[in-house]
Amino acid sequence: MGSVVVLGIESSCDETGAGLVRDGRLLGHAVASSMDEHARYGGVVPEIAARAHVHALTPVVRRALDEAGLRMSDIGAVAVTTGPGLSGALQVGLAGAKSLAYALDVPLHGVHHLAGHVAADTLEHGPLPDPCMVLIVSGGHTSLLLVRDLARDPILHLGDTLDDAAGECFDKVARVFGLPYPGGPAIDRAARDGDPAAVAFPRPLTGPRDDPYAFSFSGLKTAAARWAEGHAGRALPVADGAAALQEAVADVLTRKAVAACRAYDVGTLVVVGGVAANSRVRALAGERCAAAGIELRVPPLRLCTDNGAMIAAVGDLLVRAGADPAPLDVSIDPSAPLEYAALQPVGRGR
């Protein structure tokens with residue numbers, strides 16, 4: 001297939017995103033978040049998220065088109081997140097994408113949400129090296145992956161989270177510390193005034209007999225909660241707790257990622273996902289990659305969190321690779337494992 005404009009639609013959680021990509025170049029994108037509506041509950045409420053997507057989808061697509069200076073008729077293919085994510089939220093995005101693809105008579109591609117995070121980096125730094133090491137860190141996922149050709153090849157999981165993901169740990173500890181939702185940015189802000197060495201939080205799964213690339217942040221979360229409980233009746237030094245927690249998370253993530261690069265003789269580490277926006281994760285990854293002679297690639301902050309541009313980036317890669325479009329009965333898979341960038345389940349899901 002020749003050069004086409006790919007519209008990407010993301011609706012897996014609380015952001016409604018639309019992006020337009022052609023030949024690896026981002027033309028325009030827009031995001032609407034329902035975060036404020038969830039904040040009062042301390043976490044995402046699926047029904048609220050789905051309803052927000054219904055209201056935001058069309059305006060977000062129009063804003064992306066306006067930014068790109070394009071018309072609806074310029075779209076040559078549509079890509080949409082089909083999993084993993086919240087079932088109702090995914091259904092809204094898929095229904096909208098199917099409607100647009102049908103009305104425009106263009107192919108539709110189902111995309112794995114996490115592959116979108118990987119592809120987000122290509123919009124800033126160009127094609128991914130083959131191979132490259134990818135560290136995905138988000139609210140629901142922490143994975144260390146060996147990636148070759150993202151559009152064609154299977155993705156090799158070296159390690160995944162066994163319980164709480166890094167972002168989930170931030171959210172839960174932030175609540176214990178009395179910080180607002182979402183917890184990741186709140187922890188990052190509070191940590192600026194703290195001492196990262198003030199609390200000796202554990203580094204989970206870093207012992208010589210542990211799985212070298214698996215992650216576990218449940219114990220760290222519990223340790224932080226116990227530390228906070230130990231200050232009952234006294235002022236909690238939130239800044240020190242936040243800085244120490246952030247240091248522990250960044251230490252574990254970057255230590256394992258750099259070790260994997262060395263073990264597999266890979267010269268590039270790509271760090272993506274919402275937690276890739278954390279200032280200490282970015283800084284420590286930079287320090288350790290520089291010391292090891294590894295190239296570090298991290299998307300700009302605007303492309304770290306969920307957005308439609310990253311889904312369009314995967315769709316663009318699939319189109320250029322000549323991938324088959326999704327069947328008419330493509331469905332969603334809310335708990336889909338990351339095996340390939342394309343995710344096109346049929347029927348009622350797997």
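This is a dialogue on reading the sheets, helices and local backbone features of a predicted model.

Colleague: Let me begin with the N-terminal strands. In what order do β1, β2, β3, β4 and β5 lie in their sheet?

Modeller: Read a sheet from one edge to the other, not along the chain. Here the open sheet of five strands runs β3-β2-β1-β4-β5, and the pairing is mixed. Its edge strands, β3 (25-33) and β5 (108-112), each pair on one side only. Direction ignored, neighbouring strands in this sheet are turned by 20° against each other on average.

Colleague: In which sense do β2 and β3 pair, and over how many bridges?

Modeller: Strand β2 (residues 15-22) pairs with β3 in the antiparallel sense, over eight bridges. For a point of reference, take Val 21, which stands opposite Leu 26 in β3.

Colleague: Which strands does helix α2 touch?

Modeller: For a helix on a sheet, list the strands it contacts, then compare directions. Helix α2 (residues 46-68) packs on this sheet and touches β1 (5-10), β2, β3 and β4 (75-83). The direction of α2 makes about 150° with that of β3. Helix α4 (residues 113-120) also packs on the sheet, where it touches β1, β4 and β5. The direction of α4 makes about 90° with that of β5.

Colleague: What lies in the loop between β2 and β3, and what is the phi of Asp 23?

Modeller: For phi, look at the sign and at the residue type. Asp 23, in the loop between β2 and β3, has phi near 50°, a positive value in a residue other than glycine. Its relative accessible area is 45%, so Asp 23 counts as partly exposed. A second case is Leu 205, with a positive phi of about 55° although it is not a glycine. Leu 205 sits in the loop between α7 and α8. With a relative accessible area of 22%, Leu 205 is partly exposed, because the cut-off for buried is under 20%.

Colleague: Which peptide bond before Pro 84 should I look at, and where is that proline?

Modeller: Omega is the angle to check for a cis bond. The bond from Gly 83 to Pro 84 is cis, with omega near -15°, and Pro 84 belongs to the loop between β4 and α3 (87-104). The bond from Tyr 181 to Pro 182 is cis too, with omega near 0°. Pro 182 lies in the loop between α6 and α7.

Colleague: Is Thr 122 buried or exposed?

Modeller: Accessibility gives the class, and the contact list shows the surroundings. Thr 122 lies in helix α5 (residues 122-125). Its relative accessibility is 13%, and Thr 122 therefore counts as buried. Leaving out residues up to four places away in sequence, Thr 122 touches Gly 24, Leu 128, Arg 297 and Ala 313.

Colleague: What is the strand order of the sheet that contains β6?

Modeller: Apply the edge-to-edge reading again. This open sheet of five strands has the order β8-β7-β6-β9-β10 and mixed pairing. The edges are β8 (156-160) and β10 (295-297), each pairing on one side only. The average turn between neighbouring strands is 20°, direction ignored. Strand β7 (residues 142-147) pairs with β8 in the antiparallel sense over four bridges, and Ser 143 has Asp 160 in β8 as its bridge partner.

Colleague: How many of the residues of α7 are buried?

Modeller: Count the buried residues, then see what they pack against. In helix α7 (residues 183-191), seven of nine residues are buried, and the helix is mostly covered. They are Gly 183, Gly 184, Ala 186, Ile 187, Asp 188, Ala 190 and Ala 191. These buried residues pack against α6 (166-176), α9 and α10 (279-292).

Colleague: At what angle do α8 and α9 pack?

Modeller: Take the angle and the axis distance together, then the residues in contact. Helix α8 (residues 218-229) and helix α9 (residues 238-263) pack at about 165°, with axes 11 Å apart. An angle over 145 degrees counts as roughly antiparallel, so α8 and α9 fall in that class. Their crossing is right-handed.

Colleague: Which residues of α8 and α9 meet?

Modeller: Residues three or four places apart in an α-helix point the same way, because there are 3.6 residues a turn. From α8, Leu 220, Ala 224 and Trp 227 meet Gly 241, Leu 245, Ala 248 and Val 249 of α9. By class, this contact has six nonpolar residues, one polar and no charged.

Technical notes:
Residues numbered from 1 in each chain as written. Predicted model: local features only at pLDDT ≥ 70, side-chain atom pairs only at ≥ 80, totals over all residues. Heavy atoms only, no water. Axes fitted to C-alpha atoms, helices over the stretch in contact; angles between N-to-C directions. Helix = DSSP H or I, 4+ residues; strand = E, 2+ residues; numbered from the N terminus. Parallel < 35°, antiparallel > 145°, perpendicular 65-115°, else oblique. Left-handed = near helix turned anticlockwise from the far one by under 90°. Contact = heavy atoms within 4.5 Å. Nonpolar A, V, L, I, M, F, W, Y, C, P; charged D, E, K, R; others polar. Buried < 20%, exposed > 50% of the residue type's maximum accessible area, 1.4 Å probe, protein only. Pairing = 2+ DSSP bridges.
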